[in-house]
Amino acid sequence: MKSKTICFCIPSLKHKETNHGDSGNSSPQQKASHDKPRKGGKTKEHAPMAPGNHADNAGPDAVIAAPAMDAANIDACGDGSAHGGGVAGPESLVCPFFLWEIEVMATAQQTKLRWGELEEDDGEYLDFLLPPRQVIGPDENGIKKVIEYRFNDDGNKVKITTTTRTRKLANARLSKRAVERRSWPKFGDAVHEDVGSRLTMVSTEEILLERPRAPGSKPEEPKAGGDSLAQLSKGGAVLMVCRTCGKKGDHWTSRCPYKDLAPQAEGFVDKPAAVSEATTAASGASKGAYVPPGMRAGAERTGSDMRRRNDENSVRVTNLSEDTREPDLQELFRPFGAVSRVYVAIDQKTGMSRGFGFVNFVNREDAQRAINKLNGYGYDSLILRVEWATPRAN
Amino acid sequence: MRPILMKGHERPLTFLKYNRDGDLLFSCAKDHTPTVWFADNGERLGTYRGHNGAVWCCDVSRDSMRLITGSADQSVKLWNVQTGEQLYSFNFGSPARAVDLAVGDKLAVITTDPFMDSPSAIHVKQISRDPSDQTGESVLTIKGPQGRINRAVWGPLNKTIISAGEDAVVRIWDSETGKLLKESDKESGHKKTITSLSKSAEGSHFLTGSLDKSAKLWDTRTLTLIKTYVTERPVNAVAMSPLLDHVVLGGGQDASHVTTTDHRAGKFEAKFFDRILQEEIGGVKGHFGPINALAFNPDGKSFSSGGEDGYVRLHHFDSDYFNIKI
């Protein structure tokens with residue numbers, strides 16, 4: 001493909017690894033450019049498939065967060081050296097979408113490997129000549145490649161490829177005078193401006209004219225909505241930090257998907273505590289130390305009695321904060337389905353919740369889902385424990 | 001829409017102006033070089049070198065040949081737009097704050113700040129076609145308003161001059177005699193410094209923005225208050241769309257918003273209001289600092305904003321913009 005035609009000068013390259021990632025500006029797309037050479041590095045090994053690489057790198061998968069995709073500037077040539085970089089010009093009336101400048105030079109070893117068969121002296125005489133500048137015009141995606149050659153500071157020949165995506169931002173119908181003005185020469189500080197200067201850039205983000213929200217409603221966050229947990233988060237101020245994997249904002253420690261990373265789960269393992277009775281009086285305040293008889297090791301699970309459907313779908317919630325009340329639980333469990341009854345155990349003397357309560361769902365499946373989702377959920381700065389009220393989940 | 005970011009200035013922007021054809025955008029900033037850009041793709045055309053102080057304001061003639069800029073270095077300079085060459089310099093005893101060219105480009109109104117003993121003043125100068133004929137004589141000088149005059153513009157048919165400034169009063173002066181014709185009402189007018197003033201496309205009404213977090217729409221001939229737009233931030237810049245009934249306000253720091261965590265581009269926004277209903281239509285975020293300058297392209301299909309961050313953001317509207325309904 002194109003790479004072959006450009007590679008003839010390569011043997012004369014004295015190589016060293018200089019990887020200029022970007023030329024000074026630290027816009028997000030520039031940072032990503034560091035990745036490009038490495039990616040190109042991988043493709044170097046597969047150099048024989050140069051044509052394929054070329055297409056590969058030019059693909060939209062190349063990039064980053066920036067929605068404006070842009071191709072990696074790595075051309076894997078026959079000798080495995082990879083180059084990138086450069087300068088390109090915007091076209092009038094069309095806005096240059098991205099301008100990148102990456103320079104990557106290959107290592108000496110690979111040169112020798114690849115070009116071992118060739119005559120060593122060939123091309124040395126013509127060191128001072130540079131191949132002509134090539135412009136591979138805008139293709140259907142608007143991608144334009146400009147390939148230039150230069151001597152860099154160390155006297156090495158460097159091939160610079162700039163990939164630009166040009167996109168029409170607006171249709172400008174200019175008057176005759178305006179068209180004349182378009183061809184005015186630059187003056188003042190703009191005189192020495194090469195077209196690759198970064199004064200003018202297109203924003204990487206799509207900015208919208210945001211309609212005003214009704215006061216009190218939350219701004220729409222671009223997070224994954226639809227997750228019921230996200231909907232339930234109070235006031236959006238919960239910062240969930242997981243101790244196991246250290247990831248913030250995603251899940252609490254007890255709900256860490258990477259539970260096996262470190263033995264952190266001690267807190268919630270039920271220690272076989274010798275506590276009695278039962279069921280209700282499980283002074284919900286003991287977190288994790290008390291094991292209801294039905295869940296202890298060796299407990300027999302008897303068949304369920306004929307209970308009212310209601311109690312079959314009863315869910316016990318423990319480790320509630322002291323000011324949790326029925327409406328709170330109602331609100332918390334409503335998203336999972338119809339709730340027929342909520343109860344929060346309140347200490348009559350102090351008026352505060354004793355830390356536990358019960359929620360009866362109409363449907364068992366809803367109850368199951370509620371248990372799955374809310375067990376370990378952070379609510380009012382405590383981690384909830386949600387389980388079947390009669391500890392037999394079929 | 002994807003705004004085009006132009007970072008040609010190192011210091012905060014002070015003023016933006018489109019030429020009549022809408023293909024050039026002139027930007028003034030506190031760094032001493034006004035710059036001209038192509039308005040379609042944001043490419044820089046050139047800079048005008050010569051000022052020694054912050055450039056506060058500029059105006060361009062209708063044929064886009066002459067640029068006049070007012071600067072804090074106590075001079076107002078005339079430039080050739082195409083070459084960047086300085087044609088003439090008017091010198092004053094105090095920093096020049098606002099400039100505006102009259103219809104026909106034969107006269108210019110220039111305001112100067114109060115400085116040491118001299119109060120603020122409004123000067124009218126003649127601009128001649130041929131730069132060699134240019135003289136520095138004032139046709140008219142008006143003194144009187146207290147405090148700085150932030151903006152002064154010509155009224156319809158150059159018969160009047162409208163000025164607004166730190167004393168929060170909008171005044172209309174006769175341009176031939178210099179007599180004060182009208183003043184805005186104290187109760188219904190602004191309560192704090194008026195920072196900006198923008199005329200409508202045909203000149204029948206104008207919009208003033210003030211640090212009292214509101215902008216007001218006035219009739220040019222009678223100076224009656226027509227509409228008021230209220231925001232949460234002090235208003236630094238105002239602009240009116242020539243195409244739709246929209247008013248844009250650009251503002252400054254509001255302490256209560258400083259701590260909100262918005263990780264997106266930049267939280268200072270230009271707010272769009274419906275001109276007639278006075279309701280907010282929306283906002284365009286993006287600036288990292290208070291917005292100091294706003295300008296609409298005369299074709300109404302794009303606008304640009306300049307901020308304290310030194311960036312000029314040029315927005316070409318999407319088609320949904322033209323279909324907004326409240």
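In what sense do strand 3 and strand 4 of chain B pair, and over how many bridges? Let us start there and then work outward. Strand 3 covers residues 24–29 of chain B and strand 4 covers residues 35–38, and the two pair in the antiparallel sense over 4 bridges. You can pick out one of the matched positions yourself: Phe26(B) has Val36(B), in strand 4, as its bridge partner. Keep in mind as you look around that this is a predicted model.

Now widen the view a little. Strands 3 and 4 sit within an open sheet of 4 strands in chain B, ordered 2-3-4-5 and paired in antiparallel fashion. Its edges are strand 2 (13–18) and strand 5 (44–47) of chain B, each of which pairs on one side only. Going from one strand to the next, the twist averages 20°.

This part of the chain also connects to an annotation. The UniProt record, an unreviewed entry, lists "repeat: WD" for residues 6–47, 48–89, 142–183, 187–228 and 284–314 of chain B. Take the stretch 284–314 of chain B: it is 61% strand and 0% helix, and the C-alpha atoms at its ends are 11 Å apart.

A residue to visit in that stretch is Tyr311(B). Tyr311(B) is found in the loop between strand 27 (302–307) and strand 28 (312–316) of chain B. Its C-alpha atom is separated by 9.1 Å from that of Gly289(B), although the two residues are 22 apart along the chain. What does Tyr311(B) contact, leaving aside its neighbours within four places in sequence? The list includes Leu5(B), Met6(B), Lys7(B) and Leu13(B), and also His287(B), Ser305(B) and Gly306(B).

Next, let us bring in the partner chain. Contact between the chains involves 39 residues of chain A and 48 residues of chain B. The size of an interface is often given as the accessible area lost when the parts come together. Here chain A and chain B bury about 3,900 Å² between them, with 52% of that area on carbon and sulfur atoms. On the chain A side, Trp184(A), Phe187(A) and Leu209(A) supply 19% of the area that chain A buries against chain B, more than any other three residues.

Leu209(A) is worth following further. Leu209(A) has a bridge partner in strand 25 of chain B, namely Val284(B). Strand 10 of chain A and strand 25 (residues 280–287) of chain B run antiparallel and are joined by 2 bridges. The result is an open sheet of 5 strands that draws on both chains, in the order 10(A)-25(B)-24(B)-23(B)-22(B), with antiparallel pairing. Its edge strands are strand 10 of chain A and strand 22 (235–240) of chain B, each pairing on one side only.

Polar and charged groups meet across the interface too. There are 11 residue pairs in polar contact between chain A and chain B. Helix 6 (176–182), strand 9 (200–202) and strand 10 (209–210) of chain A each supply at least two residues of the side that touches chain B. The largest share, 4 residues, comes from helix 6.

Finally, consider charge. Side chains of opposite charge can pair when their charged atoms come close. Over all chains the structure holds 19 salt bridges, and the count between chain A and chain B is 5. One salt bridge links Arg182(A) and Asp40(B), with the closest N and O atoms 2.6 Å apart. Arg182(A) lies in helix 6 of chain A, while Asp40(B) lies in the loop between strand 4 and strand 5 of chain B, so this pair joins two chains.

Conventions
Residues numbered from 1 in each chain as written. Chains lettered and ligands numbered in written order. Predicted model: local features only at pLDDT ≥ 70, side-chain atom pairs only at ≥ 80, totals over all residues. Heavy atoms only, no water. UniProt positions renumbered as here; feature names shortened; annotations may be inferred. Pairing = 2+ DSSP bridges. Axes fitted to C-alpha atoms, helices over the stretch in contact; angles between N-to-C directions. Contact = heavy atoms within 4.5 Å. Buried area = accessible area lost by both parts, 1.4 Å probe. Salt bridge = Lys/Arg side-chain N within 4 Å of Asp/Glu carboxyl O. Polar contact = N/O pair within 3.5 Å; in protein donor to acceptor, adjacent residues only side chain to side chain.
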